[in-house]
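Dear colleague,

I am passing on the structure below, and would be grateful if you could look through it alongside the notes that follow.

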Amino acid sequence: KDSDGDGLTNGRELGDPECTWTQGATPDPRYANNISHPGVCTPWNAAKCMGKNDRLDCSRDETFNCPHIHDPEVLNMTLRFPRTLVPAKETTYICYNFQLPLPDDGREYHVIATEPVIDNHNVMHHMGLAGCTGPVGLVEEPYECLMGTEGCREPLGGWTLGQTGNCYYHMAGIPIGKNGIVKASMQHHWTNPGLVDNWYDSSGITRDRKST
């Protein structure tokens with residue numbers, strides 16, 4: 001069946017042209033590329049698609065709207081994974097522990113917003129940034145971690161598909177630095193159903209902070 005009339009069957013658009021996939025099975029890597037929506041006729045401007053997508057409204061404001069990050073006293077820092085090879089498996093949870101790069105001024109800061117920095121859109125599903133309050137070892141390279149890092153459970157920020165960022169209430173913030181959190185663990189959830197073995201990623205989060 002070709003629901004959107006673009007010449008490709010629903011199964012082909014979803015990467016399963018022979019309809020052989022079953023729950024829990026690994027998708028056929030031969031069809032992992034050019035996945036499309038079986039209800040959206042593509043190419044969008046092709047003659048065969050004229051009038052078939054009129055019901056769709058894809059307009060969306062992707063701007064991160066957080067007015068108080070433009071305060072002149074607000075500083076930002078970008079925290080990213082080092083460039084890391086994505087494993088050739090369907091799902092990977094991977095963590096990276098590090099010291100927060102704060103100024104050596106003895107001041108306390110508050111995180112007031114976070115924005116995603118997505119390097120590889122092919123694999124990024126979601127990520128989280130957690131502050132560490134217990135003893136935790138710093139690492140040179142990211143490591144697989146499943147449910148996160150023990151001792152790092154204080155939420156500092158996160159992102160998932162469809163988000164532009166997190167803007168906290170203008171009179172609130174998460175303390176870091178003096179009397180606050182100085183170490184953090186970032187976790188990425190990578191999805192690689194096509195088992196591609198040459199993808200890399202160095203995504204992360206930009207944090208806006210204000211001193212107190």
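I begin with a short strand pairing: cysteine 95 has tyrosine 143, in E6, as its bridge partner. Strand E6 (residues 143–144) and E3 pair in the antiparallel sense over 2 bridges, where strands (E, at least two residues) are DSSP runs numbered from the N terminus and two strands pair if DSSP finds at least two bridges between them. E3 also pairs with E10, again in the antiparallel sense, over 9 bridges, and there glutamine 99 has lysine 183 of E10 as its bridge partner.

Please note that this is a predicted model, in which local features need pLDDT of at least 70 and side-chain atom pairs count only at pLDDT 80 or more, while totals for chains, interfaces and linings use all residues. Residues are numbered from 1 along each chain as its sequence is written, and side-chain values use heavy atoms, with hydrogens and water left out.

The largest nonpolar core (buried Ala, Val, Leu, Ile, Met, Phe, Trp, Tyr and Cys residues joined through side-chain atoms within 4.5 Å; buried means under 20% relative accessible area, with a 1.4 Å probe and protein chains only) has 24 residues, and Phe98 and Trp190 are among those with the most contacts inside it. Strands E3 (91–99) and E10 (183–191) are among those that each supply at least two residues of this core. Leaving out residues up to four places away in sequence, phenylalanine 98 touches Leu79, Leu129, Leu138, Lys183, Ala184 and Met186, contact meaning heavy atoms within 4.5 Å.

A second, separate core of 6 residues includes Ile112 and Ala113. Both Ile112 and Ala113 are in contact with asparagine 166, which lies in strand E8 (residues 166–167).

With best wishes

How values were computed: Buried means under 20% relative accessible area, exposed over 50%, partly exposed in between (1.4 Å probe, protein chains only). Helices (H or I, at least four residues) and strands (E, at least two) are DSSP runs, numbered from the N terminus.
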